[in-house]
Amino acid sequence: MQVLDLYAGGRRNFSHLDFHEAWMPGIAVPGINLSQTNLASANFFGAVLEAACLNGSNLWRANLGEANLVRVSFQRAILIRAFLGRADLSAADLRCSDLRLADISQGRLCQANLQNADLSYTNLSGANLTEADLRGADLRGADLRGADLAGAILEGANLDRALWDQEKLPLAKR
């Protein structure tokens, strides 16, 4: 694969390219720059993309399940209907991203920045959102059942029709 050869040679910038429907499960490319890249329907299941930049990228229907996405920047990324089940998004920057109808069940979003993100109808069941910043996030219809919201900041978040465990929401900062 040419991308892996270029990455191994030290290249990190692969922005503005078209990798839609790419098949890269388990790939390890920490620190890669895939900003403004088309990754629609790409398969990154179990990949290691730690500290990567995917700002403004199209990840519509992408499979990022069980991926290491620690400290990844997804600012203004399109993640509509993306699968991120059991992915580690700790300290990820998802500000202003579109995660409508995404599946982040059992995901780890500790200290993630989700300010002004669209999480409407997203499956966040069983997700760890401890100390996540959800200020201004749209969580309409989101499934938060079993999610850990300890220390999460929900100021200005829209929780209309969201599903959550009544005893857990008070743990979040409103």
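Before I place any residue, let me say that helices, of at least four residues, and strands, of at least two, are taken here as DSSP runs and numbered from the N terminus. With that in hand, A51 can be placed in the segment after α1, and I should add at once that what we are looking at is a predicted model.

Let me stay with A51 for a moment, since its backbone deserves a word. In general, most residues other than glycine have a negative phi. The phi of A51, however, is positive, near 60°, and A51 is not a glycine. As for its surroundings, A51 counts as partly exposed, because its relative accessibility is 37%, which falls between the 20% limit for buried and the 50% limit for exposed. Q106 gives us a second case, with a positive phi of about 60° although Q106 is not a glycine either. Q106 also has its place in the segment after α1, and with a relative accessible area of 42% it is partly exposed.

Let me turn now to the interior. As a general remark, nonpolar side chains tend to be buried together in soluble globular proteins. In this model, the largest nonpolar core has 56 residues, and those that touch the most other members are L49, L69, F74, L89, L99, L109 and L114. If we take L109 from that list and set aside residues up to four places away in sequence, we find that it touches L89, L94, I104, L114, L124, A127, N128, L129, T130 and A132.

One of those partners, T130, leads us further along. T130 is found in the segment after α1, and it is buried, since its relative accessible area is 18% and the limit is 20%. Beyond its neighbours within four places in sequence, T130 is in contact with L109, which we have just met, and also with C110, Q111, D148 and A150.

L134 is another buried residue, with a relative accessible area of 2%, and it too lies in the segment after α1. Leaving aside its neighbours within four places in sequence, L134 is in contact with L114, L119, L149, A152, I153, L154, E155 and A157. To give a sense of distance, L134 and S73 are 61 residues apart in sequence, and their C-alpha atoms are 16 Å apart in space.

I would next like to take two residues that are in contact with each other, S120 and D138. Are they buried or exposed? Both count as buried, because S120 has a relative accessibility of 5% and D138 one of 15%, where the limit is 20%. Setting aside neighbours within four places in sequence, S120 is in contact with R100, L101, D138, L139 and R140, while D138 is in contact with A117, D118, L119, S120 and N158. S120 can also be compared with S97, which is 23 residues away along the chain, with 11 Å between the two C-alpha atoms.

Moving to the part of the chain around P30, we come to a residue that is partly exposed, at 37% relative accessibility. P30 touches Y7, R12, V48, L49 and E50, not counting residues up to four places away in sequence, and its C-alpha lies 9.7 Å from that of V70, although the two are 40 residues apart in sequence. Two of the residues that P30 touches, Y7 and R12, also have an arrangement of their own, in which the charged end of R12 sits over the ring of Y7, 3.7 Å from its centre. As for pairs of aromatic rings, the count comes to zero.

What about empty space inside the model: how many cavities of 30 Å³ or more are there? The count comes to one, and about 50 Å³ of space lies in the largest cavity. That cavity is lined by V3, F19, M24, I27, V29, I32, L34, F44 and L49, and L49 is also one of the core residues that touch the most other members.

I will finish with a glycine, G56, which is found in the segment after α1 and counts as partly exposed, at 25% relative accessibility. G56 touches Q36, Q75, R76 and A77, if we do not count residues up to four places away in sequence, whereas G126, which is 70 residues from G56 along the chain, is 27 Å from it, C-alpha to C-alpha.

Methods: Residues are numbered from 1 along each chain as its sequence is written. This is a predicted model: local features need pLDDT of at least 70, side-chain atom pairs count only at pLDDT 80 or more; totals for chains, interfaces and linings use all residues. Side-chain values use heavy atoms; hydrogens and water are left out. Buried means under 20% relative accessible area, exposed over 50%, partly exposed in between (1.4 Å probe, protein chains only). Contact means heavy atoms within 4.5 Å. A nonpolar core is a set of buried Ala, Val, Leu, Ile, Met, Phe, Trp, Tyr and Cys residues joined through side-chain atoms within 4.5 Å. Rings of Phe, Tyr and Trp (its six-membered ring) pair if their centres lie within 6.5 Å; planes under 30 degrees apart count as stacked, over 60 as edge-to-face and the rest as tilted. A charge sits over a ring if NZ of Lys or CZ of Arg is within 6 Å of the ring centre and within 35 degrees of the ring normal. On a 1 Å grid over the protein atoms alone, a cavity is a set of points where a 1.4 Å probe fits but cannot get out, and a pocket is an open set with protein on both sides within 12 Å along at least five of seven lines; lining residues have an atom within 4 Å of a point. Grid points are joined across faces, edges and corners, and a volume is the space filled by probe spheres set on the points.
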